[in-house]
Amino acid sequence: MKIVKTIAEVRKQVKEWRHEGLTVGLVPTMGYLHEGHASLIDASHRDNDRTVVSDFVNPMQFSPTEDLESYPRDIAHDAKLVEAHGGDLIFHPEPEEMYHEGFSSFVDMTVLTEELCGLSRPIHFRGVCTVVSKLFNIVQPDRAYFGKKDAQQLAVIRHMVNDLNMNLEIIGCPIIRESDGLAKSSRNTYLNTEERQSALVLSQAVFLGMNMVKKGEKDCSVILDAMKKHIEAEPLAKIDYVKIVDCATMQQIPTLDRPALCAMAVYIGKTRLIDNFFTEDV
Ligand code: AMP
């Protein structure tokens with residue numbers, strides 16, 4: 001397993017693999033890797049001959065008021081995890097390598113990015129689409145792996161790949177949770193003991209909503225009211241949004257008459273956490 005910091009080194013390595021006729025999977029991450037990321041690396045390792053993991057806290061997807069500076073980083077730990085899960089190369093660039101002086105091209109998307117997280121994070125998906133496009137161009141993978149934990153991001157990437165005729169397959173992987181239900185996230189490290197306990201309202205609301213869907217409830221407002229009521233009972237929790245949207249368009253729907261995503265963002269103290277379920281997975 002190698003760690004490289006430049007685009008040229010990634011290209012050289014991938015070129016060698018291509019000469020040998022090997023397939024390549026890409027797992028884009030912001031580092032501080034946990035078992036959620038590991039599950040994506042495992043999936044890529046299963047499907048491809050070689051796996052590249054990008055480990056880059058992308059400044060372009062953070063607004064000035066967000067946690068770019070405090071976002072946790074630990075490349076030594078990440079290297080051990082990637083190696084243990086069969087990854088072959090970590091691409092760990094400095095921001096200047098990805099965004100040279102004079103950088104001025106962006107990948108922007110309308111509609112899908114204007115709902116859910118896009119409302120409270122207006123520049124976020126432009127940063128995500130731009131960096132992911134760059135990673136696709138640098139690595140040119142056969143497949144790229146994204147977690148359903150970031151469900152809107154997964155939908156946005158699928159849409160971008162289709163709109164812009166990018167020649168790779170996007171694989172969505174299930175949410176990996178702690179044993180008590182909390183979705184694993186690098187941002188969970190921000191939570192103190194009391195907040196960590198309060199954060200369980202997210203997964204509890206997800207499981208509550210899933211059960212209602214399983215029992216046949218079709219009225220989105222009935223499902224959302226029950227989920228919101230559960231979250232609002234927790235004093236440390238403040239809802240950013242809890243919504244049910246069409247899976248393909250990310251637009252809100254009143255009735256479960258098509259494949260849907262039920263997604264939420266909730267502040268626990270100062271930490272903004274997300275969780276969700278797809279009705280098709282219920
Ligand atoms: P991040 O480093 O948070 O940008 O995440 C990198 C990738 O890992 C994204 O595709 C995430 O959706 C995925 N991921 C993060 N947490 C989880 C999780 N708990 N389960 C599954 N995938 C995850």
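A residue counts as buried when its relative accessible area is under 20%, as exposed when that value is over 50%, and as partly exposed in between. Keep that handy for the exercises below. One more thing before you start: the model you're looking at is predicted.

**Exercise 1. The cysteines**

Task: Work out how many disulfides the structure holds, and whether C247 is buried or exposed.

Solution:
- Step 1. Start with the total: the structure holds 0 disulfides.
- Step 2. Now check C247, which takes part in no disulfide; its nearest cysteine sulfur belongs to C262 and sits 11 Å away. A disulfide needs two cysteine sulfur atoms within 2.5 Å.
- Step 3. Look at the accessibility of C247: its relative accessible area is 19%, so it's buried.
- Step 4. Move on to C262, also in no disulfide, where the nearest cysteine sulfur is that of C220, 8.2 Å away. With 2% relative accessibility, C262 counts as buried.

**Exercise 2. The whole chain**

Task: Find out what radius of gyration the protein chain has and what a compact globule with 282 residues would have.

Solution:
- Step 1. Get a feel for the parts: the protein chain has 10 helices and 9 strands.
- Step 2. Take the box around the C-alpha atoms, which is roughly 55 × 40 × 40 Å along the principal axes.
- Step 3. Compare with the globule rule. For 282 residues, a compact globule would have a radius of gyration near 19 Å, and the protein chain has 19 Å, so the two agree.
- Step 4. Add the burial figure: 54% of the 282 residues are buried.

**Exercise 3. Around the ligand**

Task: Say which of the 17 residues around the ligand come nearest, and which helix gives the most residues to the shell.

Solution:
- Step 1. List the nearest ones: H37, G147, D150, I176 and K184, out of 17 residues around the ligand.
- Step 2. Sort the shell by class, and you get 8 nonpolar, 6 polar and 3 charged residues.
- Step 3. See where the shell comes from. At least two residues each are supplied by strand 2 (24-29), helix 2 (35-47) and strand 5 (143-147). Helix 2 gives the most, with 3 residues.
- Step 4. Go through the polar contacts. D150 uses a polar side-chain atom, 2.6 Å from an oxygen atom of the ligand. I176 uses a polar backbone atom, with a ligand nitrogen atom 2.8 Å away. K184 brings a backbone N or O atom to 2.9 Å from a nitrogen atom of the ligand.
- Step 5. Finish with the cover: on its own the ligand has 480 Å² of accessible area, and the protein covers 93% of that.

**Exercise 4. Two positive phi angles**

Task: Work out what phi V111 and Q140 have, and where each residue lies.

Solution:
- Step 1. Recall the usual case: most residues other than glycine have a negative phi.
- Step 2. Take V111, which isn't a glycine yet has a positive phi of about 55 degrees. You'll find V111 in the loop between helix 4 (95-98) and helix 5 (117-120). Its relative accessible area is 41%, so V111 is partly exposed.
- Step 3. Take Q140, another residue other than glycine with a positive phi, this one near 50 degrees. Q140 is in the loop between helix 6 (124-139) and strand 5. With a relative accessible area of 54%, Q140 is exposed.

**Exercise 5. Three residues to track down**

Task: Locate F277, Q152 and V57 in the fold, then look for a partner residue for each.

Solution:
- Step 1. F277 belongs to strand 9 (residues 271-278). Its relative accessible area of 4% makes F277 buried. Along the chain, F277 and R11 are 266 residues apart, and 37 Å separates their C-alpha atoms.
- Step 2. Q152 is part of helix 7 (residues 151-163). Q152 is buried, at a relative accessible area of 4%. A polar atom of the Q152 side chain lies 3.0 Å from the backbone nitrogen of C117.
- Step 3. V57 is in the loop between strand 3 (50-55) and helix 3 (75-84). Though it's in a loop, V57 counts as buried, with 10% relative accessibility. From V57 to R73 is 16 residues in sequence and 8.4 Å in space, C-alpha to C-alpha.

Key:
Residues are numbered from 1 along each chain as its sequence is written. This is a predicted model: local features need pLDDT of at least 70, side-chain atom pairs count only at pLDDT 80 or more; totals for chains, interfaces and linings use all residues. Side-chain values use heavy atoms; hydrogens and water are left out. A residue is near a molecule or strand if one of its heavy atoms lies within 4 Å of it. A polar contact is a pair of N or O atoms within 3.5 Å; within protein, one must be able to donate a hydrogen and the other to accept it, and residues adjacent in sequence count only if both atoms are side-chain atoms. Accessible areas come from the Shrake-Rupley method with a 1.4 Å probe; for residues, only the protein chains shown count as cover. Helices (H or I, at least four residues) and strands (E, at least two) are DSSP runs, numbered from the N terminus. Ala, Val, Leu, Ile, Met, Phe, Trp, Tyr, Cys and Pro count as nonpolar, Asp, Glu, Lys and Arg as charged, and the others, Gly among them, as polar. Buried means under 20% relative accessible area, exposed over 50%, partly exposed in between (1.4 Å probe, protein chains only). The radius of gyration is taken over C-alpha atoms; the globule rule is 2.2 Å times the number of residues to the power 0.38.
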